[in-house]
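Here is a short tour of the pockets and the surface of one protein model. Take a moment to turn the structure around before reading on.

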Amino acid sequence: VTAQTVTAPLGATGPITSAISVGARTIRKFIRTPQLIILGFVQGAMFLLSFRYVFGGAISVGGMSYVDFLVPGYVTTMVLFVGGGAAVGVAEDVGHGFFDRLRSLPISRASIMAGRALADTLLVTWSLALVTALGFAVGFRLQSSLLSALGAFGLCVLFGFAFEWVFILMGLLAGNTQAATPSASSRARTYRPRPCHRGCAGSPLISRSR
Amino acid sequence: MMVNAVRSLTDGPRMTLLLHQDAAHFIWISLAWTAGIVLLAAPAAAITFARR
């Protein structure tokens, strides 16, 4: 048996380094889960196409093109649609003990959250870029300068960063994935299959609210 | 306010006529909201994480 010498770490890792490490881990996880990329985009595209082509004809916007009114508003609200994933991700990390492992390290607590917020903001930016491109594809045209449009996009990213903190807080308070997805859990409650006993030949999807 | 700010920036003068305010008005209010949200939620998240 050989004795092994364990040396103590030289010092705490800097907050920027730890924030970058946590952020990079979040982005790697996102890239390695292509369902998140594809389904997030499909959901965004589906809503945009619905509002553009299904409900578009029924809505009148005072003297301007409906699509020019719709797309900027939709892109802004996408921040909330996409950002909600952060609450689920954080709740998942809490549930799997990832944060407990980080807490045992000599790193700043706030930097862990900052890394997570920055990484999720990057993911929101990616989704916003995709939906904006789709907006142009369905007929949206800029009525102002390119600089103003870039300013609008930057403003959306800034909103994304601000709301990421709210979603991170929600994920931490929720503590588990199901609680962090209020919409999904309410749907699950409403349409939870009831145990089918003898003589039950109806639909398996029975509203629980009845 | 945030949506109006983005609409004012992308739709230009037409949106100013529709909303009766210029883009700068909505941008400042949106930035104030953004700062307020970050100032409230970021420390709250950090404190919640530290106390768990």
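## Pockets and a surface patch

Let us start with the largest pocket, whose lining comprises 43 residues, with A:Leu36, A:Phe81, A:Val82, A:Gly84 and A:Gly85 lying nearest its centre. Several elements of chain A give two or more residues to this lining: α1 (15-31), α2 (34-54), α3 (66-96), α5 (109-137), α6 (146-174), α7 (177-180) and α8 (182-190). Please keep in mind that the model is predicted.

Which helix gives the most to the lining of the largest pocket? That is α3(A), with 12 residues. The space in the largest pocket comes to about 1100 Å³. By class, its lining residues are 23 nonpolar, 14 polar and six charged.

Now for the second largest pocket, which has a volume of about 210 Å³. Its lining is made of 14 residues, and nearest its centre lie A:Thr132, A:Phe136, A:Ala149, A:Phe153 and B:Thr10. Both chains take part here: α3, α5 and α6 of chain A and α1 (2-11) of chain B each supply at least two lining residues. In this pocket α6(A) gives the most, with five residues. The lining holds 12 nonpolar and two polar residues, and no charged ones.

The table sets out the lining classes of the two pockets.

| Pocket | Nonpolar | Polar | Charged |
|---|---|---|---|
| Largest pocket | 23 residues | 14 residues | six residues |
| Second largest pocket | 12 residues | two residues | no residues |

Next, let us turn to the outside of the protein. A nonpolar surface patch of about 570 Å² is formed by A:Leu49, A:Phe51, A:Tyr53, A:Val54, A:Phe55 and A:Ile59. One member of the patch, A:Val54, sits in helix α2 of chain A. Is A:Val54 buried or exposed? A:Val54 counts as exposed because its relative accessibility is 60%, and the cut-off for exposed is over 50%. Helix α2 (34-54) of chain A is thus a handy one to follow by eye: α2 is among the elements that give two or more residues to the lining of the largest pocket, and α2 also carries A:Val54.

Finally, a look at chain A as a whole. How many helices and strands does chain A have? There are eight helices and zero strands, and the order along the sequence reads α-α-α-α-α-α-α-α. Of the 210 residues in chain A, 38% are buried.

Key
Residues are numbered from 1 along each chain as its sequence is written. Chains are lettered from A and ligands numbered from 1 in the order in which they are written. This is a predicted model: local features need pLDDT of at least 70, side-chain atom pairs count only at pLDDT 80 or more; totals for chains, interfaces and linings use all residues. Side-chain values use heavy atoms; hydrogens and water are left out. On a 1 Å grid over the protein atoms alone, a cavity is a set of points where a 1.4 Å probe fits but cannot get out, and a pocket is an open set with protein on both sides within 12 Å along at least five of seven lines; lining residues have an atom within 4 Å of a point. Grid points are joined across faces, edges and corners, and a volume is the space filled by probe spheres set on the points. Helices (H or I, at least four residues) and strands (E, at least two) are DSSP runs, numbered from the N terminus. Ala, Val, Leu, Ile, Met, Phe, Trp, Tyr, Cys and Pro count as nonpolar, Asp, Glu, Lys and Arg as charged, and the others, Gly among them, as polar. Patches are made of residues with over 30% relative accessible area and no salt bridge: like charges are joined within 9 Å, nonpolar side chains (Val, Leu, Ile, Met, Phe, Trp, Tyr) within 5 Å. Accessible areas come from the Shrake-Rupley method with a 1.4 Å probe; for residues, only the protein chains shown count as cover. A salt bridge is a side-chain nitrogen of Lys or Arg within 4 Å of a carboxyl oxygen of Asp or Glu. Buried means under 20% relative accessible area, exposed over 50%, partly exposed in between (1.4 Å probe, protein chains only).
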